[in-house]
Amino acid sequence: MNRNIVGIIISVISIGLFIAAGLLLLPHSSYSSSLVSNEEFERLKRERTESDVNLATTIEFNDKRIYQANDTWYYSIIKNDANAYNPNIRINDSLKIAINSNTIINSDAITKGESIDFIVYNSEKYSNYKLAITTLPIVSLHHDNTIIQSSDVDFKFELYDNTENAIQRNIHSDGKIHIRGGINAGALKSSYRINLRSDSVGEHSRKNDLSLLGMRPDDDWILYSPYSDPSKVRNILNAELWRQAHQDKNSNQTASTENRYVEVIDNGNYLGIYALGTPIDNKAANIKNTVTNSNDFLFKKQRWDNNSPIIERLYELKSEQNVNKDAAWSTLTEYIEKTNVNFDYDYAKNHIDLNSLIDYVLFTDFTNNVDTLNSSDTKNLYLSFKNTPNGYIVSYIPWDFDLSWGEALDSDRLFEVDYDHYINSDGSILGKMAKADPSIKKKVENRYA
């Protein structure tokens with residue numbers, strides 16, 4: 001073998017061993033061995049001066065970096081990890097750690113949500129910290145500019161995936177982010193729309209499709225803040241119920257969002273619990289627009305009124321790429337005319353996916369979603385128009401379930417499920433179809449059962 005090549009190989013091996021040795025020599029200890037009594041904890045502080053700067057810039061538990069928000073570090077438990085409750089701790093710059101506690105991490109401590117006091121110290125200084133333990137994944141956002149509603153801001157996305165068999169624990173991506181939502185956009189806890197990006201050849205930015213927490217690969221994601229829901233579960237629970245219940249009748253449609261709960265840290269500030277999820281889009285509605293197929297559409301209805309002369313105020317065309325927009329709006333106009341303005345049963349029978357419509361009305365009623373269906377008017381709805389050899393077929397996809405299961409804007413009826421309140425399907429499209437064809441009532445009864 002060439003002597004130069006041998007020299008290079010030896011050099012590479014030496015550098016590798018040097019780096020490995022350096023990592024091993026970094027200060028580290030197990031969690032249990034870092035526990036000290038309250039007396040010892042106070043003594044360590046008395047003998048030192050509290051540092052004006054953050055001493056610990058990096059802390060690793062079981063060789064994975066944990067996340068800091070102000071004076072609290074967040075440790076995300078990996079299910080069934082042998083060292084989850086007694087992690088190996090590694091800190092930076094020849095520092096030591098002392099944890100003020102006489103118990104190790106356990107399920108009871110996690111359930112109570114109590115933070116644990118600890119210090120990081122050297123021979124002269126110490127810094128006070130708290131340790132918060134979570135069973136949820138952690139999302140960390142980094143950006144130089146304030147996130148706003150009207151336009152995107154560049155940011156860096158980081159996800160710590162604590163799921164049991166995760167292939168990759170730390171996921172990173174560049175991206176764009178903005179505040180999303182209508183009324184809730186002004187809430188103290190904002191929701192966000194995220195677009196993940198990566199640089200390609202020539203420093204051009206392109207979509208970065210990633211599968212996050214076992215969900216479908218995508219570049220578009222939502223960080224939903226369940227701000228208006230005290231339980232924090234309504235939207236996520238109902239979306240999952242719809243996804244599972246509706247698919248057994250319409251296997252070609254996901255037709256809902258998919259979500260995972262996460263903890264969110266934004267520029268070093270803890271924002272709380274969010275749901276990271278996929279949006280309702282062409283993928284969810286199984287719409288595949290191509291250059292040769294531009295006549296499948298997805299519309300989002302955002303207002304109650306069905307008879308506004310300005311249709312663009314009521315609906316938003318969500319299918320933008322490879323879409324014949326003139327055909328899309330004219331098709332929607334025909335649908336509104338023949339289902340809401342001058343009802344045409346033959347039109348409805350030939351163009352409406354009856355299973356989808358029945359599911360939509362029953363699910364709205366079942367979840368007591370008072371913000372969605374009210375007599376002939378409805379909102380919080382996506383309409384999917386798909387071309388078939390016999391003409392287009394319309395399917396129904398509900399969204400926004402925060403005012404369901406008894407939650408409402410009326411303060412006198414909070415948390416009271418009332419099936420006589422608001423919801424009345426007599427004037428709805430389904431009600432009109434059932435009047436024209438009594439056999440539909442039996443289909444509704446069978447589906448409800």
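Here are a few notes on helix α8 and some single residues in this predicted model.

1. A good place to start is helix α8, which covers residues 354-366. At 1.5 Å a residue, its 13 residues should span 18 Å, and the C-alpha atoms at its ends are indeed 18 Å apart, so expectation and model agree.

2. Next, look at how α8 sits in its surroundings. Of its 13 residues, 10 are buried, so the helix is largely enclosed by the rest of the structure. The buried set is made up of Leu354, Ser356, Leu357, Ile358, Asp359, Tyr360, Val361, Leu362, Phe363 and Thr364. You may like to colour these residues of α8 in your viewer.

3. Both ends of α8 have a detail to look at. At the start, Asp353 has a side-chain oxygen that comes within 3.2 Å of the backbone nitrogen of Asn355. Just past the other end, Asn368 adopts a positive phi of about 55°.

4. Now for the partner helix. Two packed helices are described by the distance between their axes and by the angle those axes make. For α8 and helix α10 (residues 439-448), the axes come within 10 Å and cross at roughly 60°. The two helices are therefore oblique to one another. As for its hand, the crossing of α8 and α10 is right-handed.

5. Which residues meet where α8 and α10 come together? From α8 the list has Leu354, Ile358, Asp359 and Leu362, and from α10 it has Ile440, Lys443, Val444, Arg447 and Tyr448. Leu354, Ile358, Asp359 and Leu362 also appear among the buried residues of α8.

6. Away from the helices, Asp63 deserves a look. Its phi is positive, at about 65°, although Asp63 is not a glycine. You will find Asp63 in the loop that links β4 (59-61) and β5 (64-65). Is Asp63 buried or partly exposed? With a relative accessible area of 48%, Asp63 counts as partly exposed, because that class lies between the 20% and 50% cut-offs.

7. Asp400 also has a positive phi, near 65°, and it too is a residue other than glycine. Its place is the loop between β25 (393-398) and α9 (429-436).

8. Finally, turn to Lys45, which belongs to helix α2 (residues 38-46). Its relative accessible area is 17%, so Lys45 is buried, the cut-off being under 20%. Setting aside neighbours within four places in sequence, Lys45 is in contact with Ile119, Tyr126 and Asn128.

Notes
Residues numbered from 1 in each chain as written. Predicted model: local features only at pLDDT ≥ 70, side-chain atom pairs only at ≥ 80, totals over all residues. Heavy atoms only, no water. Helix = DSSP H or I, 4+ residues; strand = E, 2+ residues; numbered from the N terminus. Expected span 1.5 Å × (residues − 1). Buried < 20%, exposed > 50% of the residue type's maximum accessible area, 1.4 Å probe, protein only. Polar contact = N/O pair within 3.5 Å; in protein donor to acceptor, adjacent residues only side chain to side chain. Axes fitted to C-alpha atoms, helices over the stretch in contact; angles between N-to-C directions. Parallel < 35°, antiparallel > 145°, perpendicular 65-115°, else oblique. Left-handed = near helix turned anticlockwise from the far one by under 90°. Contact = heavy atoms within 4.5 Å.
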